[in-house]
Amino acid sequence: MKKFSVKTSARTEFVDITAEVAEAVTASGVTDGVVTVFIPHTTAGVQINENADPDVMRDIKVVLDEVVPWSNNYWHAEGNTAAHVKAAMMGASAQIIVEDGRMQLGTWQGIYFCEFDGPRQRTVWVKL
Ligand code: ZN
């Protein structure tokens, strides 16, 4: 398993980690299979979405903030319930098919680490 760090600088931030995952795929030597990207955190997640127009991720942030406000009638004493909910919505893992030694992502797809309780130092696990 390969691990790498992601340093976030805002409470909510989407970090394109496609290159780091691609590097892990190459380093593994696996030419045909599946790569799993796993986020070992409860207030961060991962999603595959458009990496051509950065406005898409900006708009996703706007929608998530609207649907899940930071303050509400939450009970969780740590005060970051919104981050837990958004992480649950994104999910903790993503799988991408690997063929001929390369991830088979769609033309406009990238892999995003989704921070919802930053800024923090985070970790991403990759397994083929
Ligand atoms: Zn919490």
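**Exercise 1. The two sides of helix H2**

Find which exposed residues sit on the face of H2 turned away from its buried side, and work out how the buried residues are arranged.

*Solution.* Let's start on the outside of this predicted model.

- Step 1: The face of H2 turned away from the buried side carries Arg 58 and Glu 66, which are exposed.
- Step 2: Now turn to the buried residues of H2, which are Met 57, Ile 60 and Leu 64.
- Step 3: Viewed down the axis of H2, the buried residues fall within an arc of 55°, so they line one face of the helix.
- Step 4: The cover over these buried residues includes E2, strand E4 (44–50), helix H3 (81–90) and strand E7 (109–115).

**Exercise 2. A length check on H2**

Check whether the end-to-end distance of H2 (residues 55–67) agrees with the span expected at 1.5 Å a residue.

*Solution.*

- Step 1: H2 has 13 residues.
- Step 2: The expected span is 1.5 Å times one less than the number of residues, which for H2 gives 18 Å.
- Step 3: The end C-alpha atoms of H2 are 18 Å apart, in agreement with that expectation.

**Exercise 3. The zinc site**

Name the protein donors of the zinc ion, then classify the site from the angles among its four donor atoms.

*Solution.*

- Step 1: Zinc is bound by NE2 of His 76, OE of Glu 78, OD1 of Asn 80 and NE2 of His 84, at 1.9 to 2.2 Å.
- Step 2: Along the sequence, these donor residues follow the spacing H-x1-E-x1-N-x3-H.
- Step 3: The angles among the four donor atoms run from 92 to 145°. Four donors count as tetrahedral if all angles lie between 85 and 135 degrees, and the zinc site is irregular.
- Step 4: For the two histidines, look at accessibility: His 76 has 36% and is partly exposed, while His 84 has 25% and is partly exposed too.
- Step 5: One residue that touches His 76 is Thr 81, which also touches Tyr 74. Thr 81 is found in helix H3 and, at 13% relative accessibility, counts as buried.

**Exercise 4. Thr 8 and its surroundings**

Decide whether Thr 8 is buried or exposed, and list its contacts beyond its neighbours within four places in sequence.

*Solution.*

- Step 1: Thr 8 sits in the loop between strand E1 (2–7) and strand E2 (13–16).
- Step 2: Buried means under 20% relative accessible area; Thr 8 has 3%, so Thr 8 is buried.
- Step 3: Its contacts are Glu 13, Val 15, Phe 113, Glu 115, Gly 118, Pro 119 and Arg 120.
- Step 4: With Glu 115, Thr 8 also makes a side-chain polar contact of 2.9 Å.
- Step 5: Take a look at the backbone around two of those contacts: the peptide bond from Gly 118 to Pro 119 is cis, with omega near -5°. Pro 119 lies in the loop between E7 and strand E8 (121–127).

**Exercise 5. A backbone angle to look up**

Describe the phi value of Asp 100 and the place of this residue in the chain.

*Solution.*

- Step 1: Phi of Asp 100 is near 55°, a positive value in a residue other than glycine.
- Step 2: Asp 100 belongs to the loop between strand E5 (93–99) and strand E6 (102–103).
- Step 3: With a relative accessible area of 67%, Asp 100 is exposed.

How values were computed:
Residues numbered from 1 in each chain as written. Predicted model: local features only at pLDDT ≥ 70, side-chain atom pairs only at ≥ 80, totals over all residues. Heavy atoms only, no water. Donors = N, O, S within 2.8 Å, 3.2 Å for Na, K, Ca; no water. Tetrahedral: all angles 85-135°; square planar, octahedral: opposite > 155°, others 65-115°. Buried < 20%, exposed > 50% of the residue type's maximum accessible area, 1.4 Å probe, protein only. Helix = DSSP H or I, 4+ residues; strand = E, 2+ residues; numbered from the N terminus. Polar contact = N/O pair within 3.5 Å; in protein donor to acceptor, adjacent residues only side chain to side chain. Contact = heavy atoms within 4.5 Å. Arc of directions from axis to C-beta.
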